[in-house]
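Me: I am new to this structure and would like the terms explained as they come up. Please start with its pockets.

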Amino acid sequence: MDAIDLTIASRLDLVRLLGLAVRGICQGLPLTPDEADALELAVCEAANNSIKHAYKGRADGSVRVTVVVDGTGLVVCVQDQGAPLEDRKKLTNELKVPQSLEELPEGGMGLYLIRKAADSVGYKAGDQDNVLVIRKAFTQS
Amino acid sequence: MDFVNRIEQGVTVVSIKGQRLDAAAAPLLKGHMVDLILQGGTLFVLNLEEVDFMDSSGLASLMSSMKTLGGRGEMAVCCLGEKVRKLFAITRLDRGVFRIFDTVADAVASLAASPNQS
C-alpha cells in the first residue's frame with residue numbers, strides 16, 4: 001500500500017496546489033481522464049469546505065490530504081481541525097433541477113460533486129480532527 | 001484573475017482571463033459582475049473560453065450574479081471547455097437556467113434580440 005501526505009495552510013488560494021497534486025497522482029493510476037478530473041474537483045471541494053466552513057475563513061489552520069493507493073483503488077482523506085459539519089444531511093442530499101432563479105441552489109453543490117466523483121464518501125468528526133473519506137475503485141486494468 | 005469587458009450590439013461581453021474559476025477567484029467575478037450591474041448593465045455574456053477548471057464556488061458566483069440581475073436583464077455563458085461543460089451537466093445547470101452558447105457571436109446575437117434590449 002502506497003500513501004502520500006499533502007498539507008496546506010487553510011487558504012483558498014492554496015487549494016489549487018492540492019488539486020494539481022492529486023491530479024498528478026491520478027494520472028499515474030488506472031483511472032480515466034474523467035475520473036481524474038472528478039477526483040481533482042472533489043479534493044478541491046472538500047478542502048474549500050474545510051476552509052470556508054470548518055475554519056470559517058481563518059487562515060491559521062491546516063488542511064491535510066492523505067492519498068492511499070493499493071491494487072484495487074484509492075482512498076483520499078481530507079482532514080481539518082476546525083468546526084465539524086453540523087448538518088450531516090448535506091452528505092446525502094440530492095440536487096434538484098432548478099427551474100427558476102429562485103430555485104438556484106445556494107450551497108451544497110460541493111458535497112454533491114464529491115459524491116459524484118466517488119464510489120463512497122464517509123465523514124467522521126473526532127475530538128481533534130474532522131475527516132472526509134473519498135473512496136474510488138479502479139475500473140481500468 | 002482579470003476581466004476584459006467590451007460592448008457588442010448593446011451586450012456586455014465579459015471575458016474571464018484566467019484558467020481557474022475556483023473558490024479563490026469566485027468573489028472577484030461576483031464583485032465584478034455586481035459592479036457592472038449597478039452601473040446599469042442588463043445584458044451580459046460571460047466568455048469562459050480560458051477557464052479550464054471551475055468548482056462549485058465558481059458556479060455559485062455565476063448564480064449569484066444572475067440573482068443580482070434578477071428580472072432586469074439576461075445573462076448567458078459561452079465557449080465552455082469540456083470540463084466546464086461537464087460541470088454544468090453534472091449539476092444540471094445546463095437544463096434551462098443558464099443559456100449556454102458555443103460562440104460569443106451566437107450569444108451576443110441571441111441576447112441582442114432579447115426583449116430586455118433597450
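**Pockets and cores**

Reply: The largest pocket holds about 930 Å³ of space. This is a predicted model, in which local features need pLDDT of at least 70 and side-chain atom pairs count only at pLDDT 80 or more, while totals for chains, interfaces and linings use all residues. Residues are numbered from 1 along each chain as its sequence is written, chains are lettered from A, and side-chain values use heavy atoms, without hydrogens and water.

Me: What makes A:Asn49 a lining residue of the largest pocket?

Reply: A pocket is an open set of points on a 1 Å grid over the protein atoms alone, with protein on both sides within 12 Å along at least five of seven lines, and lining residues have an atom within 4 Å of a point. A:Asn49 is one of the 42 residues lining the largest pocket, so it has such an atom. H2(A) gives the largest share of this lining, 8 residues.

Me: Why is B:Leu46 called buried?

Reply: A nonpolar core is a set of buried Ala, Val, Leu, Ile, Met, Phe, Trp, Tyr and Cys residues joined through side-chain atoms within 4.5 Å. Buried means under 20% relative accessible area (1.4 Å probe, protein chains only). B:Leu46 belongs to the largest nonpolar core, of 68 residues, and therefore is buried. Helix H2 (residues 33–54) of chain A gives the most to this core, 9 residues.

Me: Which residues are among those in contact with B:Leu46?

Reply: Beyond its neighbours within four places in sequence, they include B:Val14, B:Met33 and B:Cys78. Contact means heavy atoms within 4.5 Å.

Definitions and conventions
Buried < 20%, exposed > 50% of the residue type's maximum accessible area, 1.4 Å probe, protein only. Helix = DSSP H or I, 4+ residues; strand = E, 2+ residues; numbered from the N terminus. 1 Å grid on protein atoms, 1.4 Å probe; cavity = no way out; pocket = protein on both sides within 12 Å on 5 of 7 lines; lining within 4 Å. Points joined across faces, edges and corners; volume = space filled by probe spheres on them.
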